[in-house]
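This report goes through one protein model, starting from a single residue and moving outward to the whole chain. Please look over the sequence and the structure before reading on.

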Amino acid sequence: AAIVGISIQYLMNERAVFRKAAEQQARRLRHTLAPQWSGRDQARQRIGEERWLNNPTPKREFAQIRKTDEAQLRDIEAALKQIDEMVVPVIESGRYRKHKYQPGNKKRRQQRYNHQRPTDL
């Protein structure tokens with residue numbers, strides 16, 4: 001039962017670390033994409049919808065860069081959604097406290113080697 005509590009606590013800590021890193025990456029991508037989106041919209045208005053859709057020589061250099069960044073952003077947002085939907089059992093704070101490993105506990109140390117130190121085996 002103690003290992004379950006420790007595993008759940010570890011899972012919750014790792015989930016928080018991953019969530020923070022994913023949010024930072026999503027924020028960085030949005031910061032990069034925002035000027036690209038506004039520039040694209042301004043260019044579209046400047047040349048007109050008809051010419052935008054029927055450009056005989058499109059370069060698509062910025063579109064390719066934006067496409068990869070948008071795909072990464074979608075993947076990160078999907079991962080964040082899955083993390084938010086993940087159900088982790090809630091543990092009361094005192095429930096596993098007595099089972100927590102304490103390095104100074106001699107009884108646990110003796111039980112580990114059946115009252116024999118590794119040199120005596």
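## Arg28 and its surroundings

Arg28 has a relative accessible area of 47%, so the residue counts as partly exposed, short of the cut-off of over 50% for exposed. Arg28 is part of helix α1. Although 45 residues separate Arg28 from Leu73 in sequence, their C-alpha atoms are 9.5 Å apart in the model, which is a predicted one.

A second pair can be described in the same terms. Arg74 and Ala26 are 48 residues apart in sequence, with 8.9 Å between their C-alpha atoms. Arg74 belongs to helix α3, which covers residues 61-85. Arg74 counts as exposed because its relative accessibility is 52% and the cut-off is over 50%.

## The nonpolar core

Which residues make up the largest nonpolar core? The core has seven residues: Ala22, Ala26, Leu29, Leu33, Leu73, Ile76 and Leu80. Helices α1 and α3 are the elements that give two or more residues to this core. The largest share is that of α1, with four residues.

Ala26, one of the core residues, touches Leu73 and Ile76 when residues up to four places away in sequence are left out. As background, nonpolar side chains in soluble globular proteins tend to be buried together.

## Salt bridges

How many salt bridges does a search of the whole structure find? The search finds six. One of the pairs is Arg30 and Glu77, whose side chains meet at 3.1 Å, N to O. This salt bridge links distant parts of the chain, with Arg30 in helix α1 and Glu77 in helix α3, 47 residues apart. Arg30 counts as partly exposed because its relative accessibility is 38%. Glu77, at 35% relative accessibility, also counts as partly exposed.

Another salt bridge joins the side chains of Arg40 and Asp41, at 3.5 Å, N to O. Arg40 has a relative accessible area of 25% and is therefore partly exposed. The value for Asp41 is 37%, so Asp41 is partly exposed as well. The side chains of Glu70 and Arg66 form a salt bridge at 4.0 Å, N to O. Both residues lie in helix α3, four residues apart, or about one turn of the helix. Is Arg66 buried or exposed? Arg66 counts as buried because its relative accessibility is 12%, and buried means under 20%. Finally, a network of salt bridges links Arg19, Glu23 and Asp84.

## A nonpolar patch on the surface

Three residues, Ile3, Val4 and Ile6, form a nonpolar patch on the surface. Together they have about 290 Å² of accessible area. Ile3 is found in helix α1, which covers residues 2-47. With 59% relative accessibility against a cut-off of over 50%, Ile3 counts as exposed.

## The chain as a whole

The protein has four helices and zero strands. Read along the sequence, the pattern is α-α-α-α. Of its 121 residues, 13% count as buried. The protein exposes about 10,500 Å², and carbon and sulfur atoms supply 52% of that area.

Contacts can also be sorted by distance along the chain. Among contacts between residues at least 6 apart in sequence, 85% join residues at least 24 apart. The salt bridge between Arg30 and Glu77 also spans the sequence, linking distant parts of the chain.

## Confidence in the model

The pLDDT of the protein averages 78, and 70% of the residues score at least 70. Where is confidence lowest, and where is it highest? Confidence is lowest in helix α4 (residues 106-112), with a mean of 51, and highest in α3, at 91.

Over residues 96-103 the pLDDT is below 50. Beyond near neighbours in sequence, this stretch has nine contacts in the model. Where pLDDT is low, the predicted coordinates should not be read in detail.

Definitions and conventions. Residues numbered from 1 in each chain as written. Predicted model: local features only at pLDDT ≥ 70, side-chain atom pairs only at ≥ 80, totals over all residues. Heavy atoms only, no water. Buried < 20%, exposed > 50% of the residue type's maximum accessible area, 1.4 Å probe, protein only. Patch = residues over 30% accessible without salt bridge, like charges linked within 9 Å, V, L, I, M, F, W, Y side chains within 5 Å. Areas by Shrake-Rupley, 256 points an atom, 1.4 Å probe, with all protein chains shown as cover. Core = buried A, V, L, I, M, F, W, Y, C linked by side-chain atoms within 4.5 Å. Contact = heavy atoms within 4.5 Å. pLDDT = per-residue confidence, 0-100.
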